[in-house]
Amino acid sequence: MAKVMMNSLPPELTVEEMAEIEAAERLPITFDEDCPEMTSDMLREFHRMDMVTVRISSGNMKKVKSFGADSAKILSHLLDLALNDTELLKKCL
């Protein structure tokens, strides 16, 4: 099951698209062989991905916000690139 926060939806959705999403929110969850309901054992084995908090200067935060809805994805990609760039890492250490 995917969960989408209403405040993370693109602002350019039409009234009809928003109505469709709101109607889907009220539908019951249907489990099947491709998406079975998780058992207690399955839930015990479930692990969240590691999360970290990173402090970003206010100037850079403005730049991040200018990326729009994809800002988290872009920051993640930038971090991946930086951590795999030996020369850049040397500059930061």
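Start by selecting P10, which is partly exposed, with a relative accessible area of 37%. You are looking at a predicted model, so keep that in mind as you click along. P10 sits in the segment before α1. Now add A69 to the selection: P10 and A69 are 59 residues apart in sequence, yet their C-alpha atoms are 7.5 Å apart in space.

**Stop two: a charged patch**

Next, select E12, E16, E17 and E20. On the surface, these residues gather in a patch of negative charge. To look at one of them, pick E16, which belongs to helix α1, residues 15-25. Is E16 buried or exposed? E16 counts as exposed, because its relative accessibility is 59% and the cut-off for exposed is over 50%.

**Stop three: a nonpolar patch**

Move along to M38, M42, L43 and F46. Together they make a nonpolar surface patch of about 390 Å². Where is F46? F46 lies in the loop between α2 (40-45) and α3 (58-66). With 59% behind us for E16, try F46 next: its relative accessibility is 54%, so F46 counts as exposed.

**Stop four: a salt bridge in α2**

Now select D41 and R44 and show their side chains. Here is some background for this stop: side chains of opposite charge can pair when their charged atoms come close. The side chains of D41 and R44 meet in a salt bridge, at 2.1 Å from N to O. How are the two placed along helix α2? D41 and R44 are 3 residues apart in that helix, so about one helical turn separates them. D41 is partly exposed, because its relative accessible area is 47%. R44 is exposed, with a relative accessible area of 58%.

**Stop five: a salt bridge in α5**

Jump to helix α5, residues 86-92, and select E87 and K90. E87 forms a salt bridge with K90, and their closest N and O atoms are 3.7 Å apart. As E87 and K90 are 3 residues apart in helix α5, they are separated by about one helical turn. Both E87 and K90 are exposed. How many salt bridges does a search of the whole structure find? The search finds 2.

**Stop six: cysteines**

Select C35 and then C92. C35 counts as partly exposed, because its relative accessibility is 33%. C92 is exposed, with a relative accessible area of 61%. If you are wondering about disulfides, a search of the whole structure finds 0.

**Last stop: a buried residue**

Finish with V64, in helix α3. Is V64 buried or exposed? V64 counts as buried, because its relative accessibility is 7% and buried means under 20%. To end the tour, go back to M38, part of the nonpolar patch you visited earlier, and draw a line from there to V64. The two residues are 26 apart along the chain, and their C-alpha atoms are separated by 37 Å.

Definitions and conventions:
Residues numbered from 1 in each chain as written. Predicted model: local features only at pLDDT ≥ 70, side-chain atom pairs only at ≥ 80, totals over all residues. Heavy atoms only, no water. Patch = residues over 30% accessible without salt bridge, like charges linked within 9 Å, V, L, I, M, F, W, Y side chains within 5 Å. Areas by Shrake-Rupley, 256 points an atom, 1.4 Å probe, with all protein chains shown as cover. Salt bridge = Lys/Arg side-chain N within 4 Å of Asp/Glu carboxyl O. Lys, Arg positive; Asp, Glu negative; His and termini not counted. Charge placed at Lys NZ, Arg CZ, Asp CG, Glu CD. Helix = DSSP H or I, 4+ residues; strand = E, 2+ residues; numbered from the N terminus. Buried < 20%, exposed > 50% of the residue type's maximum accessible area, 1.4 Å probe, protein only. Disulfide = S-S within 2.5 Å.
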